[in-house]
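Hi,

Here is the structure I promised to pass on to you. Have a look at it first, and then read on for what I found in it.

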Amino acid sequence: MDIVEGEAATDVGARTVPAGEWEREPQPSDSLRTFGAVVQALREHAGLSRSEFADIVRYSKHTVASVELGRRMPDEAFVERAEGALGNTGALRRAARHLTRGEAGLAAWFRRWARLEREAVSLNTYECRLVPGLLQSEAYARAVFEGTIPLRTDEDLEAQLAARMDRQRMMRERPKVPFSFIVEEHVFRRRFGDAGARRELFDHVLERSAPRNVTLQVVPLDAGLHTCLDGPVRILETPAGQRLGYSEGQENGRLIADRKEVSLLCQRYETLRSQALSPNESRALLERLRGEL
């Protein structure tokens with residue numbers, strides 16, 4: 001879901017990347033690498049192999065290696081067991097307090113797609129649940145984050161909000177890249193906040209969709225059933241000419257690289273594009289909805 005926006009395998013090739021592979025950190029932060037190096041140095045000083053250390057802390061050898069290489073955020077249990085196994089000096093506990101992820105504010109399963117977006121030569125987005133993240137106003141994004149479960153701390157909420165607003169910069173910074181959005185009308189009719197916040201959303205969407213490289217089409221309420229009823233989807237083209245897809249659901253996301261599957265997604269998107277309102281008709285509808293507030 002685009003509410004917040006795993007690490008996929010390095011080589012996406014022509015296959016679908018399982019969601020389970022999206023648990024590793026996509027870009028290890030300096031703090032993760034430093035913490036991992038300290039764990040490795042203490043382990044080696046204690047004369048323990050990774051396998052021996054893994055048995056003591058009751059984690060797999062693979063997990064230990066991932067932590068030592070800065071590829072995985074250690075949980076509290078790992079830190080406590082590692083402390084006990086490596087002298088109980090308190091060094092790992094203190095260091096763990098300063099650990100940060102490489103891309104704060106983005107859900108683990110979304111991070112690889114977010115990086116691909118920044119390099120894409122085109123991006124298509126269909127949404128039926130909420131306003132796409134690249135078009136959300138700050139008040140709308142805040143309302144979305146505040147309404148999710150589990151509840152977030154103020155610090156987490158601000159980090160996610162900052163990541164969402166920062167992600168929108170690429171639309172302004174890449175004026176030659178085509179951005180296409182198809183959004184269901186009921187998404188814009190969903191109430192949140194007060195009338196002022198909803199007007200601000202419409203103004204923001206109209207402003208973001210005004211440049212020549214951005215196309216926004218609305219699927220009207222009376223459009224009936226259509227080809228994208230399986231759910232929201234995103235499709236991008238890489239600089240190398242490869243098309244990739246992305247779908248998202250409850251607490252998971254899936255990067256799609258299989259050529260046949262991506263081809264089907266493209267066909268569905270293009271069919272829906274022909275059924276949606278034209279860009280001019282869509283803008284007129286949004287302006288009318290704004291005027292009704």
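**Backbone oddities**

P150 sits in the loop that joins α7 and α8. Please keep in mind that this is a predicted model. The peptide bond leading from I149 into P150 is cis, with omega near 5 degrees. Most peptide bonds are trans, and most residues other than glycine have a negative phi.

Two residues that are not glycine go against that habit of phi. R58, in the loop between α2 and α3, has a positive phi of about 65 degrees. With a relative accessible area of 57%, R58 is exposed, because exposed means over 50%. N88, in the loop between α4 and α5, has a positive phi of about 55 degrees. N88 counts as partly exposed, because its relative accessibility of 47% falls between the 20% and 50% cut-offs. There is also a glycine to mention: G47, just after α1, takes a positive phi of about 75 degrees.

**Helix α1 and its surroundings**

Helix α1 covers residues 30-45, which makes 16 residues. At 1.5 Å a residue these should span 22 Å, and the end C-alpha atoms are indeed 22 Å apart, so the two values agree. Which residues of α1 are buried? They are L32, F35, G36, V39 and R43. Because they cover an arc of only 100 degrees around the axis, they lie on the same side of α1. In general, an α-helix has 3.6 residues a turn, so residues three or four places apart point the same way. D30 and H45, on the other side of α1, are exposed.

The cover over the buried residues of α1 includes α2 (50-57), α3 (61-68), α4 (76-85) and α5 (91-96). F35 also gives a link across the sequence: H98 is 63 residues away from F35 along the chain, yet their C-alpha atoms are 9.3 Å apart in space. H98 belongs to the loop between α5 and α6 (111-119), and is exposed with a relative accessible area of 60%.

**Helix α7**

In helix α7 (residues 138-146), the buried residues are Y140, A141, V144 and F145. Their arc around the axis is only 135 degrees, which puts them on the same side of α7. Among the elements that cover them are α8 (154-167) and α11.

**The nonpolar cores**

In soluble globular proteins, nonpolar side chains tend to be buried together. Here the largest nonpolar core has 35 residues, and those with the most contacts inside it are W113, V131, F179, F181, F188, V205 and L286. Helix α11 (residues 195-208) supplies the largest share of this core, 5 residues. Apart from this core lies another, of 16 residues, which includes F35, A54, F78 and L86.

What does L286 touch, leaving aside neighbours within four places in sequence? Its contacts are F188, F202, V205, L206, L216 and V218.

**A buried loop residue**

Finally, take a look at T238, in the loop between β5 (233-237) and β6 (243-249). Is T238 buried or exposed? T238 has a relative accessible area of 12%, and because buried means under 20%, it counts as buried. Not counting residues up to four places away in sequence, T238 touches V121 and L244.

Enjoy exploring it!

Best wishes

Note on methods:
Residues are numbered from 1 along each chain as its sequence is written. This is a predicted model: local features need pLDDT of at least 70, side-chain atom pairs count only at pLDDT 80 or more; totals for chains, interfaces and linings use all residues. Side-chain values use heavy atoms; hydrogens and water are left out. Helices (H or I, at least four residues) and strands (E, at least two) are DSSP runs, numbered from the N terminus. The expected span of a helix is 1.5 Å times one less than its number of residues. Buried means under 20% relative accessible area, exposed over 50%, partly exposed in between (1.4 Å probe, protein chains only). The arc is that of the directions from the helix axis to the C-beta atoms. Contact means heavy atoms within 4.5 Å. A nonpolar core is a set of buried Ala, Val, Leu, Ile, Met, Phe, Trp, Tyr and Cys residues joined through side-chain atoms within 4.5 Å.
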